[in-house]
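Let's take a walk through this structure and see how its parts sit together. Have the sequence handy as you read.

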Amino acid sequence: MPNAAYLDPRSGRTWPLDTPRWCGPEGQPLLLTDLPGITRADIAGGERSLWRYAAALPFMPAAPISLGEGCTPLLQGEWAGAPVRFKCEWFMPSGSFKDRGASVMLSLLRDQGIEAVLEDSSGNGGAAIATYAAAGGMRAKIMVPASTSPAKTVQSRAMGAGIQLVPGSRQDCADAALAEGSDPAAEIFYASHNWHPFFLHGTKTLAYELWEDLGFRAPDNVIVPCGAGSNVLGCGIGFGELMRAGEIGRLPRIFAAQPENCGPIAREWLGEDAADPIPTIAEGTAIAQPLRRAEVLAVLRESRGGAVLLSETEIVRATRGLARRGLYVEPTCAQAAAAFGRLLEDGTIREEETTVVVLTGSGLKATQRHAELAGVSL
């Protein structure tokens, strides 16, 4: 396995992986030092999960926690009159792309002796952590805002995770988790999907998979829904490793899709004034204070990609349009399809290019929203 260390990307300081940590000594978010990447010869071809790319990870755990995540379909389709490929990331055990990060993060943490993990999330992140903690025999505690619909935590509860309701906003919930995760006396490890760099090394397997899906070449464009930015960062890390390994000659252009109602990364990219967040149908990307904003913007810049802000009307139209093609997804990830249409229209993307639209979460996660769009009472 390649040597790797925790890295503070803003100061350049590093720390060994031997001691589990989720942040730097001053509470700063960390990444890992650059890894060399792998070639097609390093793929474990007999493994039908993301662990076929285990050689690209910072270390190999003795016993990975796997439920067959990864190896999701890449469908040829059409959108806005142009050919496109839909990457169906909701074909995962818990129903969202976050299983990639959860499988890798919890596998590596368990190998380091962690037995109990803390997460703050009322949605897909919490469900993924609860799912893989259960599969790995680990205890999980999920903090959620007290106002969260019980339907959003049923999946985590079913997996045996403890649910703690936190009064106040989503930010209040994150602050409470940070406080507990920072307490040296706490007998639980803060395994946040937003904080821990191991999670990003799970999401980077999306890049490796797209490379393999396309006959060991990079697409021209990858469009992803973006909240905290773990898929943007994962693609940046994964395709960067493939470049270092000599397997591709350039990065695909990476585009982030965000809602106008809460799109701080896209607003900064587009040079628009900051705006107070308001509720959006794309609730999975409603992250008002993304932790790694600078790093996400760097990936967009280095890949020559960009960002798109979408109206609620555009997101609804894309959600319904995908469903009518048999793609039943969350409104959150329908943003990527809406962004593709916009980028085609303004000439940023051309029809003849190979473009991947990443669909991140199952429509079953948003039954209430789909019912509202269909005019059905539940």
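Let's start with one residue, Ile248. Setting aside neighbours within four places in sequence, Ile248 is in contact with Trp211, Ala218, Phe239, Leu242 and Met243. Keep in mind that this is a predicted model, so treat each contact as a computed one. Where does Ile248 lie? You'll find Ile248 in the loop that runs between α7 (230–244) and β11. Is Ile248 buried or exposed? Its relative accessible area comes to 10%, and Ile248 counts as buried because the cut-off for that is under 20%. One of its contacts, Ala218, is worth a second look: Ala218 and Ile248 are separated by 30 residues in sequence, yet their C-alpha atoms are 6.5 Å apart in space.

**The six-stranded sheet**

The loop holding Ile248 leads to β11, and β11 belongs to an open sheet of six strands. Reading across, the order is β4-β5-β13-β10-β11-β12, with mixed pairing. The edge positions go to β4 (74–79) and β12 (306–310); each has a single partner strand, so one side of each lacks a neighbour in the sheet. On average, neighbouring strands here are turned by 30° against each other, direction ignored.

Inside this sheet, β10 (residues 221–225) and β11 (residues 253–259) run parallel and are joined by five bridges. If you want a landmark for that pairing, Pro225 stands opposite Ala257 in β11. Helix α10 (residues 312–323) packs on the sheet, where it touches β4, β5 (82–88), β11, β12 and β13 (355–359). The direction of α10 makes about 95° with that of β12.

**The four-stranded sheet**

There's also an open sheet of four strands, in the order β8-β7-β6-β9, and here the pairing is parallel. At the edges stand β8 (162–166) and β9 (189–190), each with a single partner strand, so one side of each is left without a neighbour in the sheet. How many bridges join β6 to β9? Two bridges do the job, with β6 (residues 116–120) and β9 running parallel. In one of these pairings, Leu118 has Tyr190 of β9 as its bridge partner.

Two helices pack on this sheet. Helix α2 (residues 124–135) touches β6 and β7 (139–145), and its direction makes about 170° with that of β6. Helix α4 (residues 170–181) touches β6, β7, β8 and β9, with its direction at about 145° to that of β7.

On its β7 side, β6 is joined by five bridges, again running parallel. Val117 stands opposite Ala140 in β7. Why call β7 largely enclosed by the rest of the structure? Because five of its seven residues are buried.

**A pocket and a cavity**

Next, the spaces. The second largest pocket holds about 490 Å³ of space. It is lined by 23 residues, and the closest to its centre are Leu31, Asp34, Ile237, Val299 and Glu302. Four elements each supply at least two lining residues: β3 (31–32), α5 (197–203), α7 and α9 (293–302). Which one gives the largest share? That's α7, with six residues. By class, the lining divides into 13 nonpolar, five polar and five charged residues.

A search of the whole structure turns up one cavity of 30 Å³ or more. The space in the largest cavity is about 60 Å³. Its lining is made up of His193, Asn194, Leu200, Ala228, Gly229, Ser230, Leu233, Leu291 and Arg292. Sorted by class, that gives four nonpolar, four polar and one charged.

**Two backbone oddities**

Most residues other than glycine have a negative phi. Here are two with a positive value.

| Residue | Phi | Loop | Relative accessible area |
|---|---|---|---|
| Cys71 | about 55° | between β3 and β4 | 25% |
| Ala80 | near 55° | between β4 and β5 | 52% |

So how do they sit with respect to the surface? Cys71 is partly exposed, whereas Ala80 counts as exposed. Ala80 makes that class because the cut-off for exposed is over 50% and its value is 52%.

How values were computed. Residues are numbered from 1 along each chain as its sequence is written. This is a predicted model: local features need pLDDT of at least 70, side-chain atom pairs count only at pLDDT 80 or more; totals for chains, interfaces and linings use all residues. Side-chain values use heavy atoms; hydrogens and water are left out. Two strands pair if DSSP finds at least two bridges between them. Contact means heavy atoms within 4.5 Å. Axes are lines fitted to C-alpha atoms, for helices over the stretch in contact, and angles run from 0 to 180 degrees between N-to-C directions. Buried means under 20% relative accessible area, exposed over 50%, partly exposed in between (1.4 Å probe, protein chains only). On a 1 Å grid over the protein atoms alone, a cavity is a set of points where a 1.4 Å probe fits but cannot get out, and a pocket is an open set with protein on both sides within 12 Å along at least five of seven lines; lining residues have an atom within 4 Å of a point. Grid points are joined across faces, edges and corners, and a volume is the space filled by probe spheres set on the points. Ala, Val, Leu, Ile, Met, Phe, Trp, Tyr, Cys and Pro count as nonpolar, Asp, Glu, Lys and Arg as charged, and the others, Gly among them, as polar.
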